[in-house]
Amino acid sequence: MAQPDTDADLKSLLLKLESKSGLGLSSSSINSQISPVLAAFLPSAKPSTRSLAHLVISKLVSNARPSPTTGLTSSYESDQEKATQNLIRLFSPIIESRLATTSLEEVRPALGLFTALFQIDSATASGIFLKDGVADAVLDVPDLFEGKNGITASQAVAALLSQASGSKPCRPVVQAHAISWLQDQVRRDTVDSGVRAAAANALTKLSRGTAEDVSSDTLSSLGGPATDGAVEEAKRKDDDESLAKLMKNLIVDSKETVGPGQPLAGSSQSILDAVEGLAYSSMDSNVKESLSVDTAFLTRLFSLVPPPKRHQTGAKPTVNVTSESLPPEEKASVALLYGICVIVLNLVAFRPKLSEEEKQVDRLKRMTKEGARTGGKLADPDGKEAEDQLATDDAVKRRCKRVLKAGVVSALVSMSHRKESEGIRRALGRIFLSLVEDKENRGKIVQGGGVKALQRMIEASFTSLKDSPAPPTPKKPPSKFDSTVAGGSSPPAKSLDPQDLPAIQALAKLSITASPILLFGPDASSSLDAVHPLSHLLLNPSSTLLQKFESLMALTNLASLGPLVASRVATHKEPGLGTVLNKTETLLLDDNTMVRRAATELLCNLVASDTVWERYTGEKPDGTRSKPSEEGDKAFVSRLRILLAMADVEDAQTRLAASGALAMLANAPDVSRLLLGKMENGAEKVFGVLIDLIAPAEEGRSGDEEDGDDDDETNLLAPTTPEIQSQLAYRGVVCTRTLLTNLPTDAETVKSVVKAAKSADLGGALVQALNARENAGNQEMLVAGAETLKWLIGKGVEIVI
């Protein structure tokens, strides 16, 4: 059936489809015109020929369906259904007529076309599969052939049933007509490994899919008669575990190797089927545990990841390739890698932390499912007895350590080069995020090249975002209050999809606990590239509170490298999303204690940048100062007042950061004038905060502030230990000394400040701090305290020592 000019015929057919001219596809003409497509599915056909056939089918289907960009009307669904029926009428005769023959030259291409149709347009393929007699005709095929032809036919049938088992409408038909045949292929050791793998994959999809189908319909059966659901569920799990064991052994026993860019062919297809099946079955906790303790399986699984092709490790590709544009053999390679990613992700993924509201919803779902199975009798309404011990955080941490020991990092690093696959990239991000959750694992990930891999994936995400169409700018009437330039408008916001953020969050976690020099390079400038993604994580509107918190901490660590990086962080702006500095200042007032702390610590480190220094002091990089104005003074006072408030909160770490920032800013001469002279009741407020830093009342601070949700990662108050109190006192004394020595010399201001110092007993607090045991070794503090006392005495303040 295959002809030497099949490729030329397919290319000609593809050109006609692309031009939508010269091709009249109808039930009467389709047989002759699509014969090159059928020829491409013969076993003897080249992979490149099959690639062209897939493109032809895809183009034919897309031409028949309404365009989503122009057809999104009230009749769109109706148009889609009409297109599906037309495609069924087009393809059904081709497939059914050939399945009715006894020639492998006719049957094999029909099954290949049928399988490809499931992959390209499931609705059309499902419609054909559900027609009377089609499933029986498919199941008759293996009995028609013997020997090698029988194996070829059985492989094609098993592959088709695997695709059909993934379709909800088709699962009941597969269950009724094909379950016995599939089970027989799996049980018999003499069956070809490729057939067994495809059959096991089909059974796994059927089992998991049927369970989900039943679960989605339990609401309607709540309160109905009790069923044997628990027994059926237990049997299903036992069957799934047996299938998983079979597929695991097929992978371990396989000998094939896959080189860089090498397509899957021959018995390698059985590996793909086994990996795909395990991607489904590894959602079960018992299967997860079984796979994670099998070092031989993990080692073999990771060895299936080929090293990156040479062009992938070098310069940036000039063409933005997507997985959709890949030929089938390359898609198979991507499918294998994605399947491996899903298996690993299932092994290492932590359960999501639920809010109280989400916990209640989960409880209601569990009660609904339990009630439907038992006729309304709830033996375990709170789910305590049913808690899966293999899904706890401790169990997941153990699995993470096992996959790390088996060499998962090198496999992940290799897969990070597959920039054309969005699915692989996003799965890798979630895997890395789970692995770095345990701080003990982070060193291994850094040593194995995890940081470069994350940066590569993040860069690919931003490249994809850059190439995507910009969101429409909302139209609004012009306003005299618009801050945009004349004739222009604010750029529309373009932010990464929430699924792209885990990779950045993983990088943030690494940046929190390790030195940026170790992660990014030998000097401060090497860390500049990390500013963009970490800033985007902070500014992305879809970021969770935890992601914002961790981005703040990571940026704080980067900014500690010095003014160069601090300036880059402070001035970084995402179009349509704002600046890091503005967002940080907003989060200073967040309800969450830990977020406020992280924002304050970042702002403290950003004081080293000229931008932040000028924003809070009015002092330019060249030493000149902005001309004082009423409006300008109000803005400066407002910002300084917030920092002063942060230096007076319950959380000791927040006070440390805020008082440190104030101590640095106080070196600018104008800050003393603004805080002690321009702020309403400034001297009284400032001295009240500073005295509480220098010598707090004996009862101290409770450290029991109730604040927000009870989250062990984002809501911990730091206690005021003697060591921390010594640091607070040091900052308070230095800040007091600098503010007083920079005080404007006009008599009225000096008089009011001295009066406030006497009233607050500032001198007594200084003496108490200098005599405190924990401050005895701090020579700088003793000098600063002595200079401050000298200033007070010089202004007539009586000091009692």
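This passage describes the nonpolar core of a predicted model, one of its helices and the packing of a helix pair. Residues are numbered from 1 along each chain as its sequence is written, and side-chain values use heavy atoms, with hydrogens and water left out. Because the model is predicted, local features need pLDDT of at least 70 and side-chain atom pairs count only at pLDDT 80 or more, whereas totals for chains, interfaces and linings use all residues.

The largest nonpolar core (buried Ala, Val, Leu, Ile, Met, Phe, Trp, Tyr and Cys residues joined through side-chain atoms within 4.5 Å; buried means under 20% relative accessible area with a 1.4 Å probe, protein chains only) has 225 residues, and those with the most contacts inside it include Phe-129 and Leu-435. Helix α18 (residues 328-348) gives the most to this core, with 11 residues; helices here are DSSP runs of H or I, at least four residues long, numbered from the N terminus. Leaving aside neighbours within four places in sequence, Phe-129 is in contact (heavy atoms within 4.5 Å) with residues including Phe-114, Phe-118, Leu-161 and Val-174.

Helix α22 (residues 422-435) is mostly covered, since 11 of its 14 residues are buried, among them Arg-425, Arg-426, Phe-432 and Leu-435.

In a further pair, Leu-60, Val-61 and Ala-64 of helix α4 meet Ala-83, Leu-87, Leu-90 and Phe-91 of helix α5. By class, this contact has seven nonpolar, no polar and no charged residues, where Ala, Val, Leu, Ile, Met, Phe, Trp, Tyr, Cys and Pro count as nonpolar, Asp, Glu, Lys and Arg as charged, and the others, Gly among them, as polar.

Conventions:
Buried means under 20% relative accessible area, exposed over 50%, partly exposed in between (1.4 Å probe, protein chains only). Helices (H or I, at least four residues) and strands (E, at least two) are DSSP runs, numbered from the N terminus.
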